[in-house]
Amino acid sequence: MAWMQEAGLSVRRDAIGTLIGRYEGAQPDAPALLIGSHIDSVRNGGAFDGMLGVVLAIECVSALRSNNQRLPCAIEVAAFGDEEGSRFPQSMLGSRTLSGKSVGSVAGIQDQDGVTLQYALKGVGLDIACLERAHRSPHEFLGYLELHIEQGPILDREGLSVAAVEAIVGIRRFHVILKGEAGHAGTVPMEMRRDALAAASEIVLGIEAYANQSEGRLRATVGKSEAFPGAINIIPGRVAFTVELRSADRSGLDLSVLDVTSLIETICARRNISATIFDRQDFEPALCDTRLTARLEDCIETAGHPRKRLVSGAGHDAMMMCDWIPTTMLFIRSPGGISHHPAETVELKDVAAAFDVMMTFVTSLDAWRGRPEGEMQ
Ligand SMILES: [Zn+2]
């Protein structure tokens, strides 16, 4: 809060605890460009995931104030909490609430010590019954910009400092149980076995090969598997595993679920194994505003860097904004692609590049005002 105040922002905390600083434009009460990210972290995480986006947003305002520069619009800087969902089994509560979405009945959800969200909020002077007071109207904002570390290796591999983000992937998740027949590892001949783990292994490799054929459009992961009864001398009779599919293409994602399901059924039929698929969870892709993202790419070029677009494979607060106000994101290189780890870092020259791009973006807001109303939508 002190950093925001020093930069010239008037600061308040909303009903879910998001810190919001406002730097007025040339006209008081003008719509604002919202710039932000999150300040919570994962356990044993790094120092830059989220926080860097908030610090650079504050630096932008600080630079504007140093130049005595007022823009045609206001700037609001948001420091969201609970993006990661590290403490409570919920995530993005700050951005979810600000963008007017219901958070459902979250009062009773508990952390691992049994402390409820209601009690935790009360401890910092917030009332869970009043979360709706944090809702904002989309008409208050021109758009949302989020700077975030890439958390992946692509910019590092290509030797680039920054990229515009055109979409955040959607996710399809489900669980699978395969049932074969357990048996003695020494007495059951190979051709008579119904080995659930051998079937699962073929499925895992099949899913990997399927994603490899997508030319980068699909990422597929079997992240967890367990074989039963789990002994060195027993043929596994049952295997439980998870499947996660990620893509920015919604129809491609739905097609991949059908294709992977059919792959599982085909392999199981041939091996005389039964398969049950359950607990499917769908998270839709979030598409950034095409015009705003093109504008951000222009700013990357103006700041002296090659144009580059990426799809984010990880979730961000921007997901909550995409269907609410025109939204775009700027990614900064993660050396080694390392994130959610204490070794997570950034290079100073990349931070300088990101700051230049953000300032170019923010100070070219004049051009927005010349556009017909509604064009930014
Ligand atoms: Zn993050």
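## Contacts along the chain

Among the contacts in the protein chain that join residues at least 6 apart in sequence, 77% link residues at least 24 apart. The model is a predicted one, and its protein chain holds 11 helices and 16 strands. Of the 377 residues of this chain, 47% count as buried, and the C-alpha trace spans about 85 × 50 × 40 Å along its principal axes.

Two pairs of residues illustrate how separation in sequence and separation in space can be set side by side. Leu-178, which is found in strand S7 (residues 170-179), is 128 residues from Pro-306 in sequence, and the two C-alpha atoms are 49 Å apart in space. For Val-55, which lies in helix H2, the partner considered is Ile-39, 16 residues away in sequence and 9.6 Å away in space, C-alpha to C-alpha.

## The zinc site

The zinc ion has three protein donors, namely His-38 through NE2, Asp-49 through OD and His-148 through NE2, and these lie 2.0 to 2.1 Å from the ion. Written as a sequence pattern, the spacing of the donor residues is H-x10-D-x98-H. His-38 belongs to strand S3 (residues 32-38), while Asp-49 sits in the loop between S3 and H2, the pair being 11 residues apart and linking distant parts of the chain.

Accessibility can be stated for two of these donors, His-38 and Asp-49. His-38 has a relative accessibility of 0% and therefore counts as buried, and Asp-49, with a relative accessible area of 6%, is buried as well.

## Individual positions in strands and helices

Glu-76 has its place in strand S4 (residues 74-80), and because its relative accessibility is 2%, this charged residue counts as buried. When its neighbours within four places in sequence are left aside, Glu-76 is in contact with Ile-20, Gly-21 and Arg-22, with Ala-32, Leu-33, Leu-34 and Ile-35, and also with Arg-136 and Phe-141. Some of these partners, including Ala-32 and Ile-35, fall within the residue range of strand S3, 32-38, the strand that also holds the zinc donor His-38.

Leu-178 in strand S7 is buried, with a relative accessible area of 0%. Val-55 in helix H2 has a relative accessible area of 26%, and is therefore partly exposed, since the buried class ends under 20% and the exposed class begins over 50%.

## Helix H10 and its partners H2 and H8

Helix H2 (residues 51-66) packs with helix H10 (residues 348-363) at an angle of about 55°, the two axes being 10 Å apart; H2 and H10 are therefore oblique to each other, and their crossing is right-handed. On the H2 side the contact is made by Leu-52, Leu-56, Ala-57, Glu-59, Cys-60, Ala-63 and Leu-64, which meet Val-351, Ala-354, Phe-355, Met-358, Met-359, Val-362 and Thr-363 of H10. Sorted by class, the residues of this contact are 12 nonpolar, 1 polar and 1 charged.

Helix H8 (residues 290-302) also packs with H10, their axes coming within 9 Å and crossing at roughly 125°, an angle that makes H8 oblique to H10. This crossing, too, is right-handed. Leu-292, Arg-295, Leu-296, Cys-299, Ile-300 and Thr-302 in H8 meet Val-357, Thr-360 and Phe-361 in H10, and the residues of the contact divide into 6 nonpolar, 2 polar and 1 charged.

## The packing of H6 with H7

Helix H6 (residues 196-212) and helix H7 (residues 250-271) pack at an angle of about 150°, with 10 Å between their axes. Because angles over 145 degrees count as roughly antiparallel, the pair H6 and H7 falls into that class, and H6 passes H7 in a right-handed crossing.

From H6, the residues Ala-198, Ala-199, Glu-202, Ile-203, Gly-206, Ile-207 and Tyr-210 take part, and those that they meet in H7 are Leu-255, Ser-256, Asp-259, Val-260, Leu-263, Ile-264, Ile-267, Cys-268, Arg-270 and Arg-271. By class, this contact of H6 with H7 comprises 11 nonpolar, 2 polar and 4 charged residues.

Terms used. Residues numbered from 1 in each chain as written. Predicted model: local features only at pLDDT ≥ 70, side-chain atom pairs only at ≥ 80, totals over all residues. Heavy atoms only, no water. Axes fitted to C-alpha atoms, helices over the stretch in contact; angles between N-to-C directions. Helix = DSSP H or I, 4+ residues; strand = E, 2+ residues; numbered from the N terminus. Parallel < 35°, antiparallel > 145°, perpendicular 65-115°, else oblique. Left-handed = near helix turned anticlockwise from the far one by under 90°. Contact = heavy atoms within 4.5 Å. Donors = N, O, S within 2.8 Å, 3.2 Å for Na, K, Ca; no water. Buried < 20%, exposed > 50% of the residue type's maximum accessible area, 1.4 Å probe, protein only.
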